[in-house]
Amino acid sequence: MIKKTTVARTLGVLAVGGIMMFSAPQAEALMIDGSYSVNVNNSDPGLVIQTQNVLTNPFSVNLTLGVAQTVDLFRIWTNEGSINADDTVAKPASVNWVFTAPTGGATSTGSTVGGVSFFIFPFGQVTWNNPTVVSFSNGAELQVNLSNEVFNQGVFSLFPGIQHGATIRATLKLTKDAINVPEPVSLVLLGMGLLGMGALARRRRLG
């Protein structure tokens, strides 16, 4: 016949296992699935902008906590040949992020504008309000930074077309890991073990 002390000690071992599983370090890598859409000024007034996605859309990326990863996101350019007065007025630009696994979303905002440097070098420019922070449903947090770029810079007139455009890059960084939810098995072991430790303590008090 198995002694009660042996049973209690066994349950105590289970408790230790449950506690270790319960307090195990969180995973430091996270696979993220999502999609993005780019919105820019594509008609007058203002510098007329065109874009073309570079990163596969939808996309998947495997991120490690605290490690930044940079990807080419989209090309940006203008087909205009000169900078007129209306082109020097900044127009809004944005990238909408929709994540499906884990779920979450955010919008990166910025602006596009045309200008002329040293009176002879016209250019288009895009500037972003970095960073964008995405909070996921599982408690993880993602930081997104988009690159500021100058595009279609020419001499006396713009060099129009995608070939003279620029590539917007997105730097993704997982700044907060997912909340660690214990597995049901670890909870059962923890409960059984705590009962066993309680029984062992009670036996020692009585005997």
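These legends accompany several close-up views of a predicted model.

**View 1. The whole protein, helices and strands together.** Let's start with the full picture: the protein holds two helices and eleven strands. If you follow the sequence from its beginning, the pattern reads α-β-β-β-β-β-β-β-β-β-β-β-α. Of the 207 residues, 37% are buried. The protein exposes about 11,600 Å², and 59% of that area is supplied by carbon and sulfur atoms. Now look at who touches whom: among contacts between residues at least 6 apart in sequence, 70% join residues at least 24 apart.

**View 2. An open sheet of five strands.** In which order do the five strands of this open sheet lie? The order is E2-E4-E11-E9-E8, and the pairing is antiparallel. Strand E2 (50-53) and strand E8 (132-135) are the edge strands, each pairing on one side only. Neighbouring strands of the sheet are turned by 30° against each other on average, direction ignored.

**View 3. Strands E9 and E11 side by side.** Here you can follow how strand E9 (residues 141-146) pairs with strand E11 (residues 166-176). Six bridges connect the two strands, and the pairing is antiparallel. To find one of these partnerships yourself, pick Leu146: the bridge partner of Leu146 in E11 is Ala170.

**View 4. A salt bridge between Arg169 and Asp72.** Side chains of opposite charge can pair when their charged atoms come close. In this model the count comes to one salt bridge, and the side chains that meet in it are those of Arg169 and Asp72, at 3.1 Å from N to O. Where in the chain do the two residues Arg169 and Asp72 sit? Arg169 is in strand E11 and Asp72 is in strand E4 (residues 69-77), so the pair links distant parts of the chain, 97 residues apart. Are the two partners buried or exposed? Arg169 counts as partly exposed because its relative accessibility is 37%, which falls between the limits of 20% and 50%. Asp72, at 35% relative accessibility, also counts as partly exposed.

**View 5. Thr167 and the residues around it.** Thr167 lies in strand E11. Why does Thr167 count as buried? Its relative accessible area is 14%, and buried means under 20%. The side chain of Thr167 makes a polar contact with the side chain of Arg75, at 3.0 Å. Leaving aside residues up to four places away in sequence, Thr167 touches Asp72, Phe74, Arg75, Ser147 and Glu149. You have already met one of these neighbours: Asp72 is the salt-bridge partner of Arg169.

Definitions and conventions. Residues are numbered from 1 along each chain as its sequence is written. This is a predicted model: local features need pLDDT of at least 70, side-chain atom pairs count only at pLDDT 80 or more; totals for chains, interfaces and linings use all residues. Side-chain values use heavy atoms; hydrogens and water are left out. Two strands pair if DSSP finds at least two bridges between them. Helices (H or I, at least four residues) and strands (E, at least two) are DSSP runs, numbered from the N terminus. Axes are lines fitted to C-alpha atoms, for helices over the stretch in contact, and angles run from 0 to 180 degrees between N-to-C directions. Buried means under 20% relative accessible area, exposed over 50%, partly exposed in between (1.4 Å probe, protein chains only). Contact means heavy atoms within 4.5 Å. Accessible areas come from the Shrake-Rupley method with a 1.4 Å probe; for residues, only the protein chains shown count as cover. A salt bridge is a side-chain nitrogen of Lys or Arg within 4 Å of a carboxyl oxygen of Asp or Glu. A polar contact is a pair of N or O atoms within 3.5 Å; within protein, one must be able to donate a hydrogen and the other to accept it, and residues adjacent in sequence count only if both atoms are side-chain atoms.
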